[in-house]
Structures are given as structure tokens and as C-alpha cells.
Amino acid sequence: MVILGIDPALTITGYGAVDYRRNGLLLIEAGIIKTSSKDSLAYRLSRLYKAVSGLISDIKPQVVVLEKLYVHYRHPATAYILGQARGVICLACAVKNVTLVEYAATRVKKAIVGKGLASKQQIQKMIISTLRLSKVPKYMDVTDALALAIAHGNIIRTKL
């Protein structure tokens with residue numbers, strides 16, 4: 001099963017695709033989608049939508065995985081902007097007719113490390129180890145996206 005994890009943001013969106021097979025896990029592709037704060041919001045959202053649509057067309061995942069939106073009362077503007085980025089990703093999935101799944105951050109952490117309060121560094125180390133990566137991804141957003149994809153594979157495997 002090909003799974004595409006996406007860690008949405010307006011400036012740097014991380015993505016990671018894995019092929020979850022019975023005999024192991026294969027990294028297909030991982031990277032970032034970057035937009036400039038100098039551009040208009042509409043342009044940035046359009047760029048994100050087109051990039052995600054292109055990824056879905058190229059990778060052909062059976063499922064796209066996002067982290068559920070967590071809103072902290074001290075940062076409502078951040079949640080508002082993140083919601084817009086997530087919205088265009090959801091739209092791309094709907095237009096491309098790809099299943100979209102969402103998990104809480106604690107669920108992803110538990111599926112990767114075994115505990116829901118794992119740190120970002122623990123997640124990163126586990127992803128590097130699991131995929132046998134030769135180097136640490138430059139952006140934590142990539143590791144987060146790969147964690148989403150791998151967590152989904154782990155979660156559905158335990159349900160079978």
C-alpha cells in the first residue's frame with residue numbers, strides 16, 4: 001500500500017511517501033513544498049494545492065495522511081493559517097479521489113515510538129532507523145510527514 005504523509009504549513013509543507021509491504025517498508029519519495037511569505041496568500045495556497053495535486057498524480061497513493069488540527073488558544077492566527085493550508089490539501093485529495101485519514105499527534109507518536117508523548121527528536125530517530133536513512137532530513141517537516149505515513153501503516157497493520 002502506498003501511503004503519502006503530509007505535514008501541512010503555509011511556508012514549508014513536508015511530505016513523505018512510503019510503500020508499506022508485508023516484507024517491509026520502502027521509501028518512495030520525501031521532500032518539502034516551499035512558499036514565500038512575500039507572495040499573496042491566494043498565490044501560496046494555489047501553489048500548495050498544485051504541488052499536492054502533482055504529488056498525488058505522480059505517486060498515486062491509496063491514502064493521504066494528515067495530522068489532526070490542534071488549536072492552542074494563545075495562537076489562533078497560526079491555527080487559522082494552518083487550517084487554510086490543510087483545506088487545500090483536503091481539496092486536492094477530494095478532486096483526485098484519494099482517501100484522506102487524520103490522526104492526532106499523540107496517536108502518531110504512539111504508533112511510531114510506543115508512547116504518545118514522544119519528542120520530535122525521538123520520532124526523527126525512529127524514522128531514520130526504520131527507513132535506514134543515511135542522513136538526517138534537513139527539515140523536521142519531512143520527518144513528521146514520514147511519521148504520519150508510517151504510523152498509518154502500523155495502525156492498519158495492527159487492525160488486521
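## A bridge to start from

Let's begin with one pairing: Gly14 has Ile32 as its bridge partner in strand 3. Please keep in mind throughout that this is a predicted model.

That bridge belongs to a longer ladder. Strand 2, residues 12–21, and strand 3, residues 24–34, run antiparallel to each other and are joined by 10 bridges. Two residues sit between strand 2 and strand 3, and the two strands form a hairpin. Another facing pair of residues is Tyr20 and Leu25, with Leu25 standing opposite Tyr20 in strand 3.

## The other side of strand 2

Gly14 also turns up in a second pairing. Which residue of strand 2 is the bridge partner of Asp7? The partner is Gly14, the residue that is bridged to Ile32 in strand 3.

Strand 1 covers residues 2–7 and pairs with strand 2 in the antiparallel sense, through six bridges. These two strands form a hairpin as well, here with four residues between them. Strand 2 thus pairs with strand 1 and also with strand 3.

How many of the 10 residues of strand 2 are buried? The count is nine, so strand 2 is largely enclosed by the rest of the structure.

## The chain as a whole

Stepping back, the chain has five helices and five strands. Read from the N terminus, the order of elements is β-β-β-α-β-α-β-α-α-α. The radius of gyration of the chain is 15 Å, close to the 15 Å expected from the globule rule for 160 residues, so the chain is as compact as a globular protein of that length. Along the principal axes, the C-alpha atoms fill a box of roughly 45 × 35 × 30 Å.

Contacts give another view of the fold. Among contacts in the chain with a separation of 6 or more, 61% join residues that are 24 or more positions apart. Of the 160 residues, 43% count as buried.

## Surface and charge

The chain exposes about 9,000 Å², and 55% of that area comes from carbon and sulfur atoms. As for charge, there are 23 positive and 9 negative side chains in the chain. The centres of these two sets lie 5 Å apart.

## Two leucines and their distant contacts

Leu69 is found in the loop between strand 4 (63–67) and helix 2 (76–95). Setting aside residues up to four places away in sequence, Leu69 touches Ala79, Leu82, Gly83 and Arg86. For one of these, Arg86, the C-alpha atom is 8.6 Å from that of Leu69, and the two residues are 17 residues apart along the chain. Is Leu69 buried or partly exposed? With a relative accessible area of 36%, Leu69 is partly exposed, because partly exposed covers values between 20% and 50%.

Leu41 offers a second case, this time in helix 1, which spans residues 41–59. Apart from neighbours within four places in sequence, Leu41 is in contact with Leu10 and Gln84. Gln84 is 43 residues away from Leu41 in sequence, with 9.5 Å between their C-alpha atoms. Leu41 counts as partly exposed, at 34% relative accessibility.

## Two residues with positive phi

Most residues other than glycine have a negative phi. Against that background, two residues deserve a look. Asn97 is not a glycine, yet its phi is positive, at about 60 degrees. Asn97 lies in the loop between helix 2 and strand 5 (99–103). Its relative accessibility is 71%, so Asn97 counts as exposed.

Where does Arg132 lie? Arg132 is in the loop between helix 4 (120–131) and helix 5 (140–159). Arg132 also has a positive phi, of about 55 degrees, although it is not a glycine. At 73% relative accessibility, Arg132 counts as exposed.

Notes. Residues are numbered from 1 along each chain as its sequence is written. This is a predicted model: local features need pLDDT of at least 70, side-chain atom pairs count only at pLDDT 80 or more; totals for chains, interfaces and linings use all residues. Side-chain values use heavy atoms; hydrogens and water are left out. Two strands pair if DSSP finds at least two bridges between them. The radius of gyration is taken over C-alpha atoms; the globule rule is 2.2 Å times the number of residues to the power 0.38. Buried means under 20% relative accessible area, exposed over 50%, partly exposed in between (1.4 Å probe, protein chains only). Contact means heavy atoms within 4.5 Å. Accessible areas come from the Shrake-Rupley method with a 1.4 Å probe; for residues, only the protein chains shown count as cover. Lys and Arg count as positive and Asp and Glu as negative; His and the chain ends are not counted. The place of a charge is taken as NZ of Lys, CZ of Arg, CG of Asp or CD of Glu.
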